[in-house]
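Colleague: I'm new to this one, and I'd like to know how you arrive at the labels you use. Can I quiz you on them?
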Amino acid sequence: MNAIPLRRFLATPAFKALLALLLVLLFGLVFHGDGAFFKLGTHRDALRQISVYGLLACGLTLTVISGGIDLAVGSVLALVAVFFSLASLHWGWSPVLAIPAALGVGAACGALSGTLTSWGRFQPFIATLAVMVIARGLAKTVSGGEKVSTAVQGPDGTMRYVEVPPVFRAIDSRVLGENLAVVSLILLLCLLITWLLLARHRWGRELYAIGGNEEAARLSGVPVGRAKLAAYVASGLFAAVAGICQAAQEQQGDPEAGAGYELTAIAIVVIGGTSLMGGRGGVGLTLIGMLTVGYLEKILSINSVPESTRLILTGVIVALAVLAQRSRR
Amino acid sequence: MKLFPVLIGSLSLALAACNPSVPESSAKGEPEPSTAKTFTIGMSQCNLGEPWRAQMNKDVEAAAKEHPNLEVIFKDAQNDSLKQRGHVEEFVQQKVDLLIISPKEAQPLTEPVAKAMEAGIPVIVLDRALLGDKFTCFIGADNVKIGEAAGKWLATQLEPGAKIVELKGLMTSIPAGDRHNGFVQGLGDAPVEIAFDADMKWLEPNARKEMESALARLPKIDAVYAHNDPGAHGAYLAAKAAGREKEMIFVGIDALPHEGVAYVEQGILSATFQYPTGGKEAIETALEILAGETVPKKMVLGSRIFTKENARAGGEPIG
């Protein structure tokens with residue numbers, strides 16, 4: 001009785017993704033960096049460090065399942081980080097105003113990607129590539145090419161310093177007796193929302209259908225354009241949340257922030273086992289992929305492994321994880 | 001938001017233009033051709049995305065503003081050697097009177113610059129060197145000396161047995177290698193130890209991550225030496241999150257007004273060592289070249305240390 005569900009579980013993408021994660025954790029048990037791996041703080045930090053990437057991966061899970069991709073997430077992160085820092089640090093906006101406005105900026109970028117994809121008939125790769133470049137340019141423009149920090153330059157060239165606003169401190173603090181970073185909590189919340197949308201909401205099923213076969217979905221009455229647009233808007237929103245978290249953790253808005261983050265986020269989604277062809281996968285897998293990448297990075301870091309070796313090892317793990325996903329479906 | 005400084009800038013430029021700058025040349029006792037004639041300078045920047053390089057352009061612009069007969073055209077190659085080569089060729093076609101270039105890398109840009117020289121355009125090379133000698137003047141700072149100054153200064157601040165965390169720039173880049181080697185030389189025989197080092201690729205978020213690992217590994221850290229100020233700031237944020245920022249001091253390099261100097265003034269960093277952009281010196285040298293004077297082939301810029309005590313006064317030169 002028990003054997004069949006077990007065997008079935010062993011064949012699921014979730015198990016295969018877990019295998020990669022376990023391999024990485026085993027790695028940590030062996031190379032523990034003078035015991036650093038056994039400290040609670042190391043795990044808390046690993047979770048904090050992967051949170052921003054994880055937020056981007058939430059959005060990417062949605063667009064990838066719909067058969068698309070969102071390359072713009074890293075740039076949108078930068079644009080929102082710059083905007084949120086300008087609003088909070090330089091213009092003195094209250095978070096009640098700054099956070100919704102920042103989310104609006106992200107949603108607008110997502111809406112642009114979605115409109116180009118759904119009604120402009122752009123391939124998602126091209127549409128989001130365009131938005132990626134535009135958002136980066138906007139981030140550099142509104143920041144004047146400089147990091148937006150607590151040092152505010154007056155018109156006469158003198159510098160004044162503003163306090164790091166409470167909202168920055170709050171996002172970069174910890175809860176549960178200092179054991180969980182607030183950004184990780186935000187990530188968990190976003191994962192939960194993504195899961196609810198994908199697994200329990202009509203829109204989620206529509207995305208799977210579109211990713212599986214867009215024409216078939218259209219013919220069976222799925223509002224393809226609207227559902228896809230919503231996926232890109234959601235991706236923009238998650239990128240905006242990531243941007244807010246990035247700004248709070250850096251205490252500044254860096255127009256160069258998030259460059260290359262989209263690739264890490266895509267790697268997370270793929271390592272989890274969500275298919276880049278669309279139609280298959282889920283946010284639970286993304287969570288596993290996230291932990292795999294996060295722990296790998298952390299373990300390499302506590303052992304102060306040189307950068308060159310890190311690149312090779314990361315690439316090898318990505319390849320192995322994808323290989324494991326493919327074996328014997 | 002940026003309109004105000006621009007307005008003031010153009011206003012002062014207009015004022016300066018109205019102001020006849022004759023007294024300057026008459027003071028020297030001979031009519032200077034450079035004040036009578038307008039010169040166009042091409043400034044080819046390899047990557048304006050780096051704040052330090054943005055500062056370099058600002059320094060060039062500010063210095064050029066003092067001289068109404070200079071017009072500077074800026075081009076940004078966005079970290080692309082071929083794009084920068086294109087910019088150099090554009091400047092040659094445009095027949096600028098002088099070229100300032102801060103090259104991305106030596107090999108691909110040596111020849112284009114040599115061609116500019118052949119076309120009769122004097123070239124000032126800023127910060128990164130080219131191969132051979134087909135340029136007029138090289139202006140740059142010495143990262144080994146700056147790293148050494150940081151090491152020497154830190155050695156005086158620390159007790160015997162102190163543990164240092166070194167957060168390196170991209171170790172395949174020459175500045176990071178120099179800042180590391182200089183630092184080790186500067187520490188000399190001081191009874192201190194570099195107990196943890198990591199490559200943070202010049203990026204603040206990476207520095208924070210690596211510092212968290214250092215904090216997990218080492219029960220006590222006395223100092224953090226980062227190869228740039230954002231790195232030191234990232235380390236500070238990590239230590240602060242762990243409640244351990246009071247146990248150690250933080251030292252960075254670059255001392256940009258918005259970054260390192262601001263951090264020192266806020267008490268986040270104990271010291272930062274300036275890596276001068278040479279923007280001002282480039283314009284001064286350009287004026288000399290345009291006036292027909294001979295200039296040295298190589299100029300090494302001095303550095304300054306900024307601490308809480310002297311930051312507002314503009315730091316102090318190091319030996």
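Colleague: Let's start with B:Asp222: what makes it count as buried or exposed?

Modeller: Keep in mind that this is a predicted model. B:Asp222 has a relative accessibility of 16%, and buried means under 20%, so B:Asp222 counts as buried.

Colleague: And which residue does B:Asp222 form a salt bridge with?

Modeller: With B:Lys220. Their closest N and O atoms are 2.5 Å apart, and the cut-off is within 4 Å, so the pair earns the name salt bridge. B:Lys220 itself has a relative accessible area of 47%; that is neither under 20% nor over 50%, so we call it partly exposed.

Colleague: Which residues are joined into one network by salt bridges that share partners?

Modeller: A:Arg48, A:Asp172, B:Arg208 and B:Glu212. Over all chains, the structure holds 28 salt bridges.

Colleague: What makes B:Glu90 and B:Lys75 a salt bridge?

Modeller: The N to O distance between their side chains is 2.4 Å, which is within 4 Å, so the label fits. B:Glu90 sits in helix 5 (residues 81-93) of chain B and B:Lys75 in strand 2 of chain B, so this pair ties together parts that are 15 residues apart in sequence. B:Lys75 is buried at 17% relative accessibility, whereas B:Glu90, at 35%, is partly exposed.

Colleague: How do you know that B:Glu111 and B:Lys115 meet in a salt bridge?

Modeller: Here the N to O distance is 3.9 Å. That still falls within 4 Å, so the pair qualifies. Both residues belong to helix 6 (residues 106-118) of chain B, where they are four residues apart, about one turn of the helix. B:Glu111 has 56% relative accessibility, which is over 50%, so it is exposed. B:Lys115, with 49%, is partly exposed.

Colleague: On to the sheet in chain B. Why do you say that strands 3 and 4 pair?

Modeller: Pairing takes at least two bridges, and three join strand 3 (residues 98-102) to strand 4 (residues 123-126) of chain B, so they pair. The two strands run parallel, and B:Leu99 stands opposite B:Val123 in strand 4.

Colleague: What makes strands 2 and 11 of chain B edge strands?

Modeller: The open sheet has six strands in the order 2-1-3-4-5-11, with parallel pairing. Strand 2 (70-76) and strand 11 (298-301) of chain B each pair on one side only. Neighbouring strands in this sheet are turned by 15° against each other on average, direction ignored.

Colleague: How far does helix 12 of chain B reach, and what span is expected?

Modeller: Helix 12 (residues 279-290) of chain B has twelve residues and reaches 17 Å from its first C-alpha to its last, close to the expected 16 Å. Its buried residues include B:Ala282, B:Ile283 and B:Leu287. Just after the helix, B:Gly292 takes a positive phi of about 85°.

Colleague: Last one: what is the volume of the largest cavity, and which residues are closest to its centre?

Modeller: The search of the whole structure finds five cavities of 30 Å³ or more, and the largest has a volume of about 170 Å³. Of its 14 lining residues, the closest to the centre are A:Arg48, A:Gln246, A:Gln249, B:Pro205 and B:Lys209. Helix 3 (40-65) and helix 11 (224-250) of chain A, together with helix 9 (204-217) and helix 10 (229-241) of chain B, each supply at least two residues of that lining.

Methods
Residues are numbered from 1 along each chain as its sequence is written. Chains are lettered from A and ligands numbered from 1 in the order in which they are written. This is a predicted model: local features need pLDDT of at least 70, side-chain atom pairs count only at pLDDT 80 or more; totals for chains, interfaces and linings use all residues. Side-chain values use heavy atoms; hydrogens and water are left out. Axes are lines fitted to C-alpha atoms, for helices over the stretch in contact, and angles run from 0 to 180 degrees between N-to-C directions. Buried means under 20% relative accessible area, exposed over 50%, partly exposed in between (1.4 Å probe, protein chains only). The expected span of a helix is 1.5 Å times one less than its number of residues. On a 1 Å grid over the protein atoms alone, a cavity is a set of points where a 1.4 Å probe fits but cannot get out, and a pocket is an open set with protein on both sides within 12 Å along at least five of seven lines; lining residues have an atom within 4 Å of a point. Grid points are joined across faces, edges and corners, and a volume is the space filled by probe spheres set on the points.
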